[in-house]
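User: I am a first-year student and would be grateful for a close look at a single part of this model. Please describe the sheet and the surface beside it in one connected account.

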Amino acid sequence: MGHKVTQDYVITREIETRVSEPLKVETILADYQRLENLSIFADIRVVASPEAGGVKVTFTFKEMPTYIPFVGISYTEENGFSGGPGISSLNLMGRDMSLSATAYFGGAEQYKVAYSWPWMTGDHVSLDVFGARLSRDDTLNEF
């Protein structure tokens with residue numbers, strides 16, 4: 001309950017607690033930790049309540065914002081200050097993929113993009129990509 005962006009399968013693949021199996025506190029704690037490790041939820045709550053013939057376990061989530069705008073700042077002794085806009089998505093398309101892009105202007109002109117998909121298929125087959133472009137004057141060598 002409480003997720004609007006995150007795909008159901010992203011959550012259910014992390015939960016080993018199953019209906020009609022004996023409830024084990026260790027399994028619930030491990031489920032919680034795996035969900036926390038996704039880093040896409042601001043809050044996760046697990047509530048157990050008695051139900052006819054057993055226990056009902058409810059997971060409730062509060063998702064992180066879909067997109068987070070920010071200002072990037074960089075400083076080096078050679079180029080001084082650079083800064084500019086950036087945007088990050090921690091849960092792109094609700095699939096626990098992250099994408100971040102930043103552009104810096106000033107002492108050095110720099111563009112960065114980082115993409116991570118920690119679970120493309122199988123047992124954590126993942127993809128991480130980082131790209132950057134840096135353009136600056138080389139004052140030391142005068143070009």
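Analyst: The account below follows the sheet from strand to strand and then turns to a patch on the surface.

The model is a predicted one, and the description should be read with that in mind. Five strands make up an open sheet, and their order across it is β3-β4-β5-β6-β7, with antiparallel pairing. Strands β3 (68-76) and β7 (125-135) stand at the edges; each has a single partner strand, so one side of each is left without a neighbour in the sheet. From one strand to the next, the twist averages 15°.

The pairings within the sheet may now be taken in turn. Strand β4 (residues 80-92) and strand β5 (residues 97-106) run antiparallel and are joined by seven bridges. One such link places Leu-92 opposite its bridge partner Met-97 in β5. The two strands form a hairpin with four residues between them. Met-93 lies in that turn and has a positive phi of about 55°.

The next pairing is that of β5 with β6, which also run antiparallel, with seven bridges between them. Here Ala-103 stands opposite Tyr-111 in β6. This connection is again a hairpin, and two residues link β5 to β6.

Strand β6 (residues 109-121) then pairs with β7 in the antiparallel sense, over 10 bridges. Within this pairing, Glu-109 has Ser-135 of β7 as its bridge partner. With β7, the description has reached an edge of the sheet.

At the other edge strand, β3, attention passes to the surface. Val-71, Ile-73, Tyr-75 and Phe-81 form a nonpolar patch there, and together they have about 510 Å² of accessible area. Strand β3 gives the most to this patch, contributing three residues.

Two members of the patch show how exposure is assigned. Ile-73 belongs to strand β3. Its relative accessibility is 63%, and Ile-73 therefore counts as exposed, since the cut-off for that term is over 50%. Phe-81 likewise counts as exposed, because its relative accessibility is 60%.

The patch also contains an aromatic contact. A pair of aromatic rings is described by the distance of the centres and the angle of the planes. Three aromatic pairs are found in a search of the whole structure. One of them is formed by Tyr-75 and Phe-81, with 4.7 Å from centre to centre and 45° between the planes, and this pair is tilted. Both of these residues are members of the nonpolar patch.

Technical notes:
Residues are numbered from 1 along each chain as its sequence is written. This is a predicted model: local features need pLDDT of at least 70, side-chain atom pairs count only at pLDDT 80 or more; totals for chains, interfaces and linings use all residues. Side-chain values use heavy atoms; hydrogens and water are left out. Two strands pair if DSSP finds at least two bridges between them. Axes are lines fitted to C-alpha atoms, for helices over the stretch in contact, and angles run from 0 to 180 degrees between N-to-C directions. Patches are made of residues with over 30% relative accessible area and no salt bridge: like charges are joined within 9 Å, nonpolar side chains (Val, Leu, Ile, Met, Phe, Trp, Tyr) within 5 Å. Accessible areas come from the Shrake-Rupley method with a 1.4 Å probe; for residues, only the protein chains shown count as cover. A salt bridge is a side-chain nitrogen of Lys or Arg within 4 Å of a carboxyl oxygen of Asp or Glu. Buried means under 20% relative accessible area, exposed over 50%, partly exposed in between (1.4 Å probe, protein chains only). Rings of Phe, Tyr and Trp (its six-membered ring) pair if their centres lie within 6.5 Å; planes under 30 degrees apart count as stacked, over 60 as edge-to-face and the rest as tilted.
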